Amino acid sequence: MCHGLSSRFNFTIMEFKKTDYRLMTVKTGRTFDDAGWTLADSECDSPSLVRAVYSNKKFTPREDLDGFYRYAEWLPISRTLNHSHAPVTYKSEGLANYLGLENLYITFSGYFPEKGALMETCSFKETEAYSVCGRLAADNKKVLVVASAGNTARAFAKVCSDNKIPLLLCIPADNIKALWFTSELDPCVKIIASPKGSDYFDAIHLSDICCESDIFMAEGGAKNVARRDGMGTTILSAVEKIGRIPDAYFQAIGSGTGTVAVWENNLRLIEDGRFGTHKMRLYPSQNEPFLIMYDSWKAGQRNLVDLSPEDARKQAGIIDAKVLSNRKPPYSLAGGVYDALCDAGGDIYKVNNKELEEWKQKFLELEGIDIYSAASVAVCSLVKAVAEGAVAKDEIIMLNITGGGEARLMSEHSVIYAKPHLILDPDSPKEEIISKVEKLFSTNE
């Protein structure tokens, strides 16, 4: 249990030598050492992601490490944590035959025991959480702060609860039903919510306010190399199965971080040289009408199109794939979504609620497992690409199913729904918000 900020947390970890890497600023190419939780280059005067540059240039899965950490050589971590699972890739038969595709590979993150997929939160956000928390030093004295529209919160809550890592989650109240678990959370995890009618960005704003307190530290989102390289394990899973870099990649996007992540690992795999020297085309997709990146890309511009907070909240309320509602995604900055698409090629698709519901059912029928709405957006974008001839029938295609098996898991296990410890209006005085949240971590409860 957590017993206030003054206590230390006992982490159960495996013996692990810190991965050898440096950081590189995408905008300038400058390389430098990671200070431990570096999120940006202080010497770069324009927005840019930093990227991990690993000393091991060969893709080398670790047979001596369990679950997700088999990919530790390309993760910026100093330790491993308990209960992790890696994404699982398998060659599709049902959906592939239906679409007339010869080489469709599905990378599944979720609960699908027959395929070996055993993620208890049913989402690939577990890959982020196990990597980010593995980057944290074991003697870290601050509380990690994560803002989420749902799945990320569930993943971080589980990982931090299992490994006794103090965590503050910030989530929109309308998304609280996403916080279900197969067991009670450890008290080291605290949850605050922005009010009903708010959106993901309101939760981010709330988290930013909390991080003005010295006891909290921002997880960093897309700027955190551990988050991106954790998500990038999806393509590593695919390449292990297929033996080469795919030709085309499909995924639904809210922030686009996952698409950036697989692009970055694609570049590492090219440097390795054993799995091909080509860049797979990227086909991310969004849920209509929340189309900020789709509209920006179709307009041919790096800068995001204007989207007011009011319109964003309205659009977020309409879409079924609520997790795809980030109104300030890492699209424009150096190394972001725009650069990834320009470099690798591809396009962005849009999918409406009716279409995604149709393909959720069709995927269950064809592949034998339920999937999330966001994953169905990706399936539908693949269907559209096939119909348009954007992908050839014999190409090697990777479909990233970012979450699924929830209905299956809930039919086999009892679940518990978490509740927020506080509901806070991000427009309230900052001092009031910070004081209330600090008190959550100063009790013995």
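I began with the aromatic residues and found that F59, Y71, W74 and F275 form one aromatic cluster. I note at the outset that the model I am reading is a predicted one.

**Aromatic rings and the charges over them**

Staying with Y71, I looked at what lies over its ring, and found the charged end of R70 there, 5.7 Å from the ring centre. I then looked for an arrangement of this kind elsewhere and noted R135, whose charged end sits over the ring of W37 at 5.2 Å from the centre.

How many aromatic pairs does the structure hold? I find 15 of them. I looked into the pair F108 and F112, whose ring centres are 5.4 Å apart and whose planes stand at 65°, so I enter it as edge-to-face. Both F108 and F112 are buried. I also looked up Y331 and Y338, where the centres are 5.8 Å apart and the planes again at 65°, so that this pair too goes down as edge-to-face. For Y331 I read a relative accessibility of 0%, which makes it buried, and for Y338 I read 16%, which also counts as buried because the cut-off is under 20%.

**Cysteines**

I checked for disulfides and the structure holds zero. Why is C160 not bonded to C133? The sulfur of C133 is the closest cysteine sulfur to that of C160, but at 3.7 Å it is too far for a bond, since a disulfide needs the two sulfur atoms within 2.5 Å. C210 is likewise in no disulfide, its nearest cysteine sulfur being that of C170, 4.9 Å away. I looked up how well covered these residues are: C160 has 0% relative accessibility and so counts as buried, and C210, also at 0%, counts as buried as well.

**T152 and its surroundings**

I next placed T152, which belongs to helix α3, residues 151-162. Its relative accessibility is 7%, so I count it as buried. Leaving aside residues up to four places away in sequence, I find that T152 touches K125, E128, V146 and R227.

**Two helices, each followed by a glycine**

I took helix α7, residues 257-272, and compared its span with expectation: at 1.5 Å a residue its 16 residues should cover 22 Å, and the end C-alpha atoms are 23 Å apart, which agrees. Is α7 enclosed or open to the outside? I find 13 of its 16 residues buried, so the helix is largely enclosed by the rest of the structure. After α7 comes G273, with a positive phi near 95°.

I repeated the check on helix α12, residues 373-388, where 16 residues at 1.5 Å each should span 22 Å and the end C-alpha atoms lie 23 Å apart, which agrees. α12 is mostly covered, with 13 of its 16 residues buried. The residue following α12 is G389, and I noted that its phi is positive, near 80°.

**Backbone points in the loops**

Which residues does a cis peptide bond join? I find it between E288 and P289, with omega at about 15°. P289 lies in the loop between β14 (281-287) and α8 (292-298).

I then went through positive phi values at residues other than glycine. H83 is not a glycine, yet I read a positive phi of about 70° for it. I located H83 in the loop between β3 (50-54) and β4 (88-91), and its relative accessible area of 47% makes it partly exposed. K164, again not a glycine, has a positive phi of about 55°. I found K164 in the loop between α3 and β9 (167-172), and at 28% relative accessibility K164 counts as partly exposed.

**Confidence**

Lastly I looked up how confident the predictor is. The protein averages a pLDDT of 93, and 96% of the residues score at least 70. Where does pLDDT stay under 50? I find this over residues 1-14, for which the model nevertheless has 40 contacts beyond four places in sequence.

Conventions
Residues are numbered from 1 along each chain as its sequence is written. This is a predicted model: local features need pLDDT of at least 70, side-chain atom pairs count only at pLDDT 80 or more; totals for chains, interfaces and linings use all residues. Side-chain values use heavy atoms; hydrogens and water are left out. Rings of Phe, Tyr and Trp (its six-membered ring) pair if their centres lie within 6.5 Å; planes under 30 degrees apart count as stacked, over 60 as edge-to-face and the rest as tilted. Buried means under 20% relative accessible area, exposed over 50%, partly exposed in between (1.4 Å probe, protein chains only). A charge sits over a ring if NZ of Lys or CZ of Arg is within 6 Å of the ring centre and within 35 degrees of the ring normal. Helices (H or I, at least four residues) and strands (E, at least two) are DSSP runs, numbered from the N terminus. Contact means heavy atoms within 4.5 Å. pLDDT is the predictor's confidence in each residue, from 0 to 100. The expected span of a helix is 1.5 Å times one less than its number of residues.
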